[in-house]
Amino acid sequence: MRAPLDLSDRAYALDLIGDIHGHADALTRLLDQLGYRKKDRRWHHPSARILFLGDLIDRGPAQRETVESAHELCESGLAQCLMGNHEFNAVGFVTERDDAPGQFVRSHTDNHIRQHEAFLDAYANDQAGYLQALDWFKTLPLWAEASAFRAVHACWHAPSQAALAPWLTGHHAPKDSTFFTDSGIPGSLAWEAREVLLNGLETRLPGEASFVDYYGTRRRKIRVNWWSPAQTTYRDAAVIDDSQRDRIPDIPLQETAPDYAETLCFFGHYWMRGQPRVTHPRALCLDYSVALEDGFLCSYRFKGETDAVNDHLTWVSHT
Ligand SMILES: [Mn+2]
């Protein structure tokens, strides 16, 4: 395995790339736009390197090609990839639970199988390639941190990062398979911490408040925005598609609204819509829903600045 990329090397700009979800064609167009070229089977760029924010797979039409491109870039020494919840789930899908033998860390419900079957199909005739992809996923760091920036798939959360320390290397990657088995026990400390970093923060609605989600399930907890101060009610704070927002009770937020003011942090995961833009100077989501017809694959070229600027965003459309 290659040594991790030196993310503090100021000789290079760093391109942070959001969730790709199997849209290899969009990735090719984005890399081209950013100046990456492949010559003699190796990738080149004179002055930039890449950090993928996770979720290479599931949903899209060319998952294997996406994994291969990202992996080749890493092998060429040009890129590093963080673990997304979908890479964790791909490993969890074939990792047996320590606390429930015969069951898997990512349970085989109809819904989970539906979400993952295109990935399995992509490798249906290539067991060696499938195992190689999973072996790579098992080594992906959960976050990256340098003096001038931070990156994580869903949520930067120091208590959860500290809680996972016993299972991770100095580069925040799993030490071994116990990361997957221990954080695969529902409700365990490791499970809760891994969920926060890879799936985002949730909060419980006050009192008896609840809502019925899109699938008809009554819920007491909502996914909340962990960075923006522009929220005064649970409805504002929920990270949910705007078409579903009125399902969330419009009651005043009982906790202080967040206002992330630390080192510039990049993340993906949240299915942002519309044209990519900086909405908070220190917290920038680069997932612009490339899996949707009006979505984009989005990147940010970081050059050491303290606050994010719109000029450093680049994006390509879904097709
Ligand atoms: Mn995700």
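D55 and N85 are both buried, where buried means under 20% relative accessible area, exposed means over 50% and partly exposed lies in between (1.4 Å probe, protein chains only). Keep that pair in mind for the first exercise.

A word on the ground rules. This is a predicted model, so local features need pLDDT of at least 70 and side-chain atom pairs count only at pLDDT 80 or more, while totals for chains, interfaces and linings use all residues. Residues are numbered from 1 along each chain as its sequence is written, and side-chain values use heavy atoms, with hydrogens and water left out.

**Exercise 1. The metal site**

Work out which residues are the protein donors of the manganese ion, and how they are spaced in sequence.

Step 1. Look for donors, which are N, O and S atoms within 2.8 Å of the metal (3.2 Å for Na, K and Ca); water is not among the atoms, so sites may look incomplete.

Step 2. That search gives you D55 (OD), N85 (OD1), H153 (NE2) and H269 (ND1), at 2.1 to 2.3 Å from the manganese ion.

Step 3. Read the donors along the chain and you get the spacing D-x29-N-x67-H-x115-H.

Step 4. Now place D55 and N85 on the fold, using helices (H or I, at least four residues) and strands (E, at least two) taken as DSSP runs and numbered from the N terminus. D55 sits in the loop between β4 (48-52) and α2 (63-75), and N85 in helix α3 (residues 85-92), so this pair ties together parts that are 30 residues apart in sequence.

**Exercise 2. Two helices crossing**

Find the angle at which α1 and α2 cross, and list the residues that make the contact.

Step 1. Fit the axes as lines to C-alpha atoms, for helices over the stretch in contact; angles run from 0 to 180 degrees between N-to-C directions. The axes of helix α1 (residues 24-33) and α2 come within 8 Å and cross at roughly 35°.

Step 2. Collect the contact residues, with contact meaning heavy atoms within 4.5 Å. From α1 you have A24, L27 and L31, and from α2 there are E65, T66, S69 and L73.

Step 3. Sort them by class: Ala, Val, Leu, Ile, Met, Phe, Trp, Tyr, Cys and Pro count as nonpolar, Asp, Glu, Lys and Arg as charged, and the others, Gly among them, as polar. The tally is four nonpolar, two polar and one charged residues.

**Exercise 3. A strand and its neighbours**

Is β15 mostly covered or mostly open, and which strands does it pair with?

Step 1. Check burial. In strand β15 (residues 296-302), seven of its seven residues are buried.

Step 2. Split the strand by face. F296, C298, Y300 and F302 lie on one side, with L297, S299 and R301 on the other, and both faces are covered.

Step 3. Trace the pairing; two strands pair if DSSP finds at least two bridges between them. Strand β1 (residues 13-17) runs antiparallel to β15 with four bridges, and strand β14 (residues 287-288) is antiparallel to β15 over two bridges. Strand β16 (residues 313-317) joins β15 through five bridges, also antiparallel.

Step 4. Pin down the partners. Y300 is the bridge partner of L16, and in β16 the partner of Y300 is L313. F296 is the bridge partner of Y288.

**Exercise 4. An edge strand with a charged link**

Say which strands lie at the edges of the sheet β6-β7-β12-β13, then follow E145 to its partner.

Step 1. This is an open sheet of four strands with mixed pairing. Its edge strands are β6 (143-145) and β13 (283-285), each pairing on one side only, and the twist averages 15° from one strand to the next.

Step 2. β6 pairs with strand β7 (residues 150-152) in the antiparallel sense over three bridges, and E145 has R150 as its bridge partner.

Step 3. Side chains of opposite charge can pair when their charged atoms come close. The R150 and E145 side chains also meet in a salt bridge (3.5 Å, N to O), meaning a side-chain nitrogen of Lys or Arg within 4 Å of a carboxyl oxygen of Asp or Glu.

Step 4. Compare accessibility: R150 is buried at 11%, whereas E145 is partly exposed at 44%.

**Exercise 5. A salt-bridge network**

Which residues are linked with R64 in a network of salt bridges?

Step 1. R64 pairs with E68, the closest N and O atoms being 3.3 Å apart. Both lie in helix α2, four residues apart, about one turn of the helix.

Step 2. R64 is partly exposed at 25%, and E68 is partly exposed at 38%.

Step 3. Add D126, and you have the network of R64, E68 and D126.
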